[in-house]
Every structure is written in C-alpha cells, then in structure tokens.
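Morning, everyone. I have one structure to take you through today. Let me put it on the screen.

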Amino acid sequence: MTKVPDVSITYSEVRIQVPWGHMSGRWYGDQNERPILALHGWQDNCGTFAKLAPLIAPYRSLLCIDLPGHGHSSHLPAGILYHNVEYVRVILRLMEIYKWKKVSLMGHSMGGSVCFHFAAFYPDRVDMVISLDVIKNVYWPEEVMSTLLKHVMDKALKDNGRLLNSANSKEPPSYTFKQLETLLYEGSQQSVDLENCKYILERNITKSELYPDKYYFSRDGRVKYLMEFNPNTGMAIEMAKRICKKNIPYLVIKGGESTNASAKATEIDDYLLANNNKFESYMYPKGTHHLHLNNAKPVAQIIIGFLQKYDTEAAKVIQSKM
C-alpha cells in the first residue's frame, strides 16, 4: 500500500477567461500534464479540496475550479438562471481551452452529480470519475416537482430583480470570521468540522467596507435557487448504461455519517456495481458529507489506490515511491 505523503504541495491560482468574465481555481502539481478536474459542491468552492489535493498531487496534478457564481469566479449576468447543465458545459469549455481530448473528473456532492451527467453525455471523452459522497443528486418525487420548480423560478426572478437594482442596494449583512465559521458549521449540518470551515470561507467572503473586522458572503446568492436537470431513476439508469458500456473506471467514496439525502445508495449504485467491473465503492465509517475535507488522508489513500489501478502515468509515479 502506498503511503500518503506528508508533504506540502504548492498550488498556482488560475484565472480562465469565459464569455461572462472568468473562472478561478487552483492548480496543484505539474501544470505540464493533464490534471484531474475537481468540481466542488453546491455553495462551496475549490477550497473544499484544500486538504485533499496536496496529498494526491505528487501522483497526479489537479485543477480545482470555482464553478460560476462560487468562490472567486465571476457571477453569471443578471437575469440569468443558474442551471446544473451550465456546470456540465463548464467541463466542455475547459477541455476546449486546454485542448484536452479526454478528461479525468473528481466531484463532491453537486460536483459529483455534474461528473455523472458529463460521463453519461460524453462517455468517449472521460477516462475516469471519482465521486465523493454523491453519484447523482436525489430525484424529487413527481408530485412535488411542479411546485418545486415554480418556487425556484420565483425566487430566482426576485434575486435577479435585486441584482438589476444593485446600484441602490446596501452591502449584504456582515459577520466576524468566527461568526461565519459557526454559520457554515451549522448550515452544513455539522458536516464541515469547525476547524475546516476556513478553507471554504476564504473564497466565499469579502471584507466589509462598512465595518472593520467583518465580512459578508460574496458568492452569488442566486445559486441557492439553482435549477436542475435531474433525471428520474429510469432515465438515470439509461445514463448509467452509457457509462458502463465504455467501462469507465468509476470510484465512489461515501461517508458513513453523511446526512445528505443524495448520499444514500440507490439503484444507480447497484446498476454501476453490477455492470461496470471498474466501478469501486467505499464507505468511510466516520465520514460526514465533507469527508474529503475532514478525513483527507484516508480518502486520499483510497484515491491513490484507484489511480494505481487505472491511471497509467500516476501508477508509474506511485510505483517509484513504493
């Protein structure tokens, strides 16, 4: 078994131009090789990988992105509704910008669901998927879908109206950093350990101009009402079939103490396990929904073992370090 390194891998901040502004992120490791593209969860940012990425980077570099509206990336223009399909398209944009013929994906929560969608839409362009706690977001019961979508559209319209009148708006509510840590800790249902909240907060807040030593949330509030293309079980199975047909190496690591509804095993887990001999699923007993941030070393150990099996270049590096 390969030992997880006790080293500090530096990263470079990246800024990628897109039609509505830019996307920001951190590139860990060798920038001359195609990296694993890492996508964070809903309302988080690439800081969620701050403890995991340095442990994997000695074997395979990672590009951890702030999705639009999150972290240091530009918000979508006023009047636009956030949609998870746009995040699928982000992967296509990055592949075009960096001229990648294939992509290696890692995603946490919503990011994992985006990876599942991309792998199903473009199975010929994916060489591996690593999913942290969620394969695909939970599908809402049919009887509540109309009400839910109406709620999302109404709330998004209200927030877009507020943005259009932002010239007259006041600064958002501000808090001390300690208060923000508590808000994130409680808001995540204690999924992010209190001492790890700083890794996500540092890219989600801006210093107040009105109150010294206070900060406000600077992510785009509209992402709270993100619209989802979230296929029901029947369609999701058809999507999984496309992944299995190509036998894409697919790793899922779940937290035994996760309270996230989308983390529960479903028919999708069962189908991938039964029909893809390169599908691996692990349960880390003490892990919460943010197990990759709170338990970075054991999660990294599982990922490195997966890379040793299915990533030729990483396997060479791993072998040299054994």
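I will go through the sheet, then a helix pair, then the aromatic rings.

Keep in mind that this is a predicted model.

Start with the sheet. Eight strands make it up, and it is open. Read across, the order is β1-β2-β4-β3-β5-β6-β9-β10. The pairing is mixed. At the edges sit β1, residues 11–18, and β10, residues 279–284. Each of those two pairs on one side only. From one strand to the next, the twist averages 20°.

Now look at one pairing inside the sheet. Strand β6, residues 126–132, runs parallel to strand β9, residues 250–255. Four bridges join them. Which residue of β9 is the bridge partner of Val129? That is Tyr250.

A helix packs on this sheet: α3, residues 110–121. Helix α3 touches β3, β5, β6 and β9. Its direction makes about 145° with that of β5.

Next, the helix pair. These are α10, residues 296–310, and α11, residues 312–321. Their axes come within 6 Å and cross at roughly 115°. The crossing is left-handed. What makes the contact? From α10, we have Ile304, Leu307, Gln308 and Tyr310. From α11, Thr312, Ala314, Ala315, Ile318 and Gln319. By class, that contact holds six nonpolar residues, three polar and no charged.

On to the rings. The count of aromatic pairs is nine. I will show two of them.

First up, Phe118 and Tyr122. Their ring centres are 4.9 Å apart. The planes stand at 35°, and stacked would need under 30 degrees, so this pair is tilted. Are the two residues buried or exposed? Phe118 has a relative accessible area of 0%, so it is buried. Tyr122 comes out at 29%, so Tyr122 is partly exposed.

Then Tyr175 and Phe217. This pair is tilted too, at 6.5 Å centre to centre and 55° between the planes. What does the pair link? Distant parts of the chain, 42 residues apart. Tyr175 lies in the loop between α4, residues 142–164, and α5, residues 177–187. Phe217 belongs to strand β8, residues 215–217. Tyr175 is partly exposed, at 26% relative accessibility. Phe217 is also partly exposed, at 24%.

Last item: an aromatic cluster. Trp27, Tyr98 and Trp100 form it together.

That is my tour. Over to you.

How values were computed:
Residues are numbered from 1 along each chain as its sequence is written. This is a predicted model: local features need pLDDT of at least 70, side-chain atom pairs count only at pLDDT 80 or more; totals for chains, interfaces and linings use all residues. Side-chain values use heavy atoms; hydrogens and water are left out. Axes are lines fitted to C-alpha atoms, for helices over the stretch in contact, and angles run from 0 to 180 degrees between N-to-C directions. A crossing is left-handed if the near helix is turned anticlockwise from the far one by less than a right angle, and right-handed if clockwise. Contact means heavy atoms within 4.5 Å. Ala, Val, Leu, Ile, Met, Phe, Trp, Tyr, Cys and Pro count as nonpolar, Asp, Glu, Lys and Arg as charged, and the others, Gly among them, as polar. Two strands pair if DSSP finds at least two bridges between them. Rings of Phe, Tyr and Trp (its six-membered ring) pair if their centres lie within 6.5 Å; planes under 30 degrees apart count as stacked, over 60 as edge-to-face and the rest as tilted. Buried means under 20% relative accessible area, exposed over 50%, partly exposed in between (1.4 Å probe, protein chains only).
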